[in-house]
Amino acid sequence: MHDLRRQALESGKTVSRKAKSKQSSTASSRGNSAANSRPVSKAASRAGSDDEGELSDETSFSVNSIDEMIAVDDSEAATEAWKLELAERIEETIDRKRSSVSGREATLTAYIRILTSAYAEDEIRGKEMDLVASFLKSIKAETSEKETILAMKALAMTLITSPSDAIYDAASSLLKRTISDSSSIPIKSAAIHTLGTCTFYGGASDDEILENMTFLLEIISSDGHFISAPDEPVPVVTALEEWGFLATLIEDLSAETEDAMDAFVEQLGSSDPAVQIAAGENIALLYEKSYTPPEENEVLSDSDEDVVADPDDESDSGPRLVKRYVAYRRTDQLLHTLSDLAKLNSRSLSKKDKKSIHSNFSDIHNSVENPTRGPRYQNAISHETGKRYGSRMAVRIHKDGVMRIDKWWKLMRLKGLRRVLQGGFVTHYERNGVVFESLPIMITADRKSGKA
C-alpha cells in the first residue's frame, strides 16, 4: 500500500496541547502507551460487519471503503498544478482589499478543496496566522451564511494541516461568541464543530478542553436554550459529537462523568433520532472509559468483581481490565431504556431512521452491559479461530488494508476527523502525521484478499 503507516501504539493524549507545534509528526514518538491504559481516552462508536455498514454520524458514510468517500480530483492532486493555484488562493485570502462576498466564497471553496485533496503543510507554513486572521474577519462579519461557514471550514483545514499553539487563543473566543449570538442555526452548528477542531489541534490546555466540554454540555442539557437555539436538534447533535471527540483527549473523566451521564440519558428521550444516537454513543464511551488496564505493580485478584478479561487480549493470560469507578448509578434502568430503543417500532420513524436506531442501540446496550466490548461486538464463535468474533467494524483503506475500529474512542476520533477531512481522509491519514497521531491504528491485511 502507498505509504501507509502500519504500526503505531494507541496512545490516549494524541499530542500535548501546548506543545503540539513543537512535536514531531511521527506517531512512533508516542509509543509506550497502550490503547486502554489509564492515561488514554477511549472513544469509538458502533461497529460494522466485515461486509458492509454505515457510521451513525450526521452524514453517514460507508465504513466498508473510505475510498468511496473521496470526491476530490485525484489527477489534480497528483500534479503540481494545485500548488500554483493554492499560492494564488492564499494571496487572495490574505489580501481582502476590493474583494466581494462572492469572490471570497469562491476563494474559500477552492482553498478548502485543495487542502482537503492534498497535504499542503509546506505550502502554508509561515502563512498560518495571516490566513487565520482573514478567516476570523469573515466569521466576525457574518456577511453571508455561506462565507461564514466556509471561513470556519477553512480555519479547521488550516489547523489540521499545520497545527499551531496560537490558533486556539486567537479563535476560541470568537467561535464561542458566534455559537451564542449568531441568528443562523447552520452557522452555530459549524462554529461548534470548528471549536472542537480548534480545541483538539490548536493548543488548548487540559483545563481549556474541560471548560469547552462544560460549554458543550450546557448546550446539550438545555436543549439548545443556552445558545438561543431552543429545541433545535442540529446544534445539540453537534455539541454531543464534539463533546465525545474532546473526551478522547482527557486522561480521567471520573469527575465529569456524573453530570455528563445525566445529560446524555435525558437526551435518550429526544424525539430526534440523531440526538438519541449521539447521546447513546457518548454513554458507551463513558462506560468504556471507566475500565483501564492495571497499573504497574497493581495486585489483582481473580475473584474481584471489578476485574474482567480484556476481549482484545488473545493470550488468555487472565484479567486485564479494572473497573475504576461507577459510570452511572442506575445502570439497570439505563439498560432497560437502551433495550427498548434497540427494539423501537414507531410509525413516525422512517425506515432508515428505524434501522439506524436499532443497530446503534443494540451496540450501545451491549457495551453498557459489558464495557469491555467495543462497537458491533459479536459473541458468535469463529470456526476458524475458535474465538469470539468480537468487534467487527472495519474500514477498508484502498484495496488491501483494513483499519479495525474495535473501541468507542477509535470511532469518535474517526468520525471527528472525517467531519473535517471528508473525502481527503485517506490522503491525510497516509501523509499527515498530525492526522495519523490522532488515530494511530494498525493497518492489517484484508483477510479476503490475503494481502499485507
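Before I show any helix pairs, let me fix one term: angles under 35 degrees count as roughly parallel, over 145 as roughly antiparallel, 65 to 115 as roughly perpendicular, and the rest as oblique. Axes here are lines fitted to C-alpha atoms, for helices over the stretch in contact, and the angles run from 0 to 180 degrees between N-to-C directions.

What you see above is a predicted model, in which local features need pLDDT of at least 70 and side-chain atom pairs count only at pLDDT 80 or more, while totals for chains, interfaces and linings use all residues. Residues are numbered from 1 along each chain as its sequence is written, and side-chain values use heavy atoms, with hydrogens and water left out.

Let me begin with the whole protein, which has 17 helices and eight strands, where helices (H or I, at least four residues) and strands (E, at least two) are DSSP runs numbered from the N terminus. Of the 452 residues in the protein, 55% are buried, and by buried I mean under 20% relative accessible area, with exposed meaning over 50% and partly exposed in between, for a 1.4 Å probe and protein chains only. If we take contacts, meaning heavy atoms within 4.5 Å, and keep those with a separation of 6 or more, then 72% of them join residues 24 or more positions apart.

Now to the helix pairs, starting with α7. Helix α7 packs against helix α9 (residues 206–221) at an angle of about 10°, with the two axes 13 Å apart, and α7 and α9 are therefore roughly parallel to each other. On the α7 side the contact involves Y168, D169, K176, I179 and S180, and these meet E208, E211, N212, F215 and I219 in α9. By class, this contact has four nonpolar, two polar and four charged residues, where Ala, Val, Leu, Ile, Met, Phe, Trp, Tyr, Cys and Pro count as nonpolar, Asp, Glu, Lys and Arg as charged, and the others, Gly among them, as polar.

Helix α7 (residues 165–181) also packs with helix α5 (residues 128–141), here at an angle of about 5° and with axes 11 Å apart, which makes α5 roughly parallel to α7. The contact of α5 with α7 has 10 nonpolar residues, one polar and one charged. From α5 the participants are M129, V132, L136, I139 and K140, and from α7 they are A166, I167, A170, A171, L174, L175 and T178.

Which residues touch the most other members of the largest nonpolar core? They are L155, W243 and F264, in a core of 107 residues, a nonpolar core being a set of buried Ala, Val, Leu, Ile, Met, Phe, Trp, Tyr and Cys residues joined through side-chain atoms within 4.5 Å. As background, nonpolar side chains tend to be buried together in soluble globular proteins. Not counting residues up to four places away in sequence, L155 touches V132, F135, L136, I139, I167, A171, L175, T194 and C198.

W243 and F264 come up again when we turn to N282, which lies in helix α12 (residues 273–289). Is N282 buried or exposed? At 1% relative accessibility, N282 counts as buried, and, leaving aside its neighbours within four places in sequence, N282 is in contact with L240, W243, G244, F264 and M412.

For V265, in helix α11 (residues 254–267), the relative accessibility is 21%, so V265 counts as partly exposed. With neighbours within four places set aside, V265 is in contact with I283, Y328 and L334, and its C-alpha atom is separated by 7.7 Å from that of G280, 15 residues apart along the chain.

Next, helix α15 (residues 408–421), whose 14 residues reach 20 Å from first C-alpha to last, close to the expected 20 Å, the expected span being 1.5 Å times one less than the number of residues. In α15, 14 of the 14 residues are buried, so the helix is largely enclosed by the rest of the structure. Just after α15, Q422 takes a positive phi of about 50°.

Finally, two aspartates in the loop between α9 and α10, D223 and D231. D223 has a positive phi of about 55° although it is not a glycine, and at 31% relative accessibility D223 counts as partly exposed. D231 has a positive phi near 60°, but at 57% relative accessibility D231 counts as exposed.
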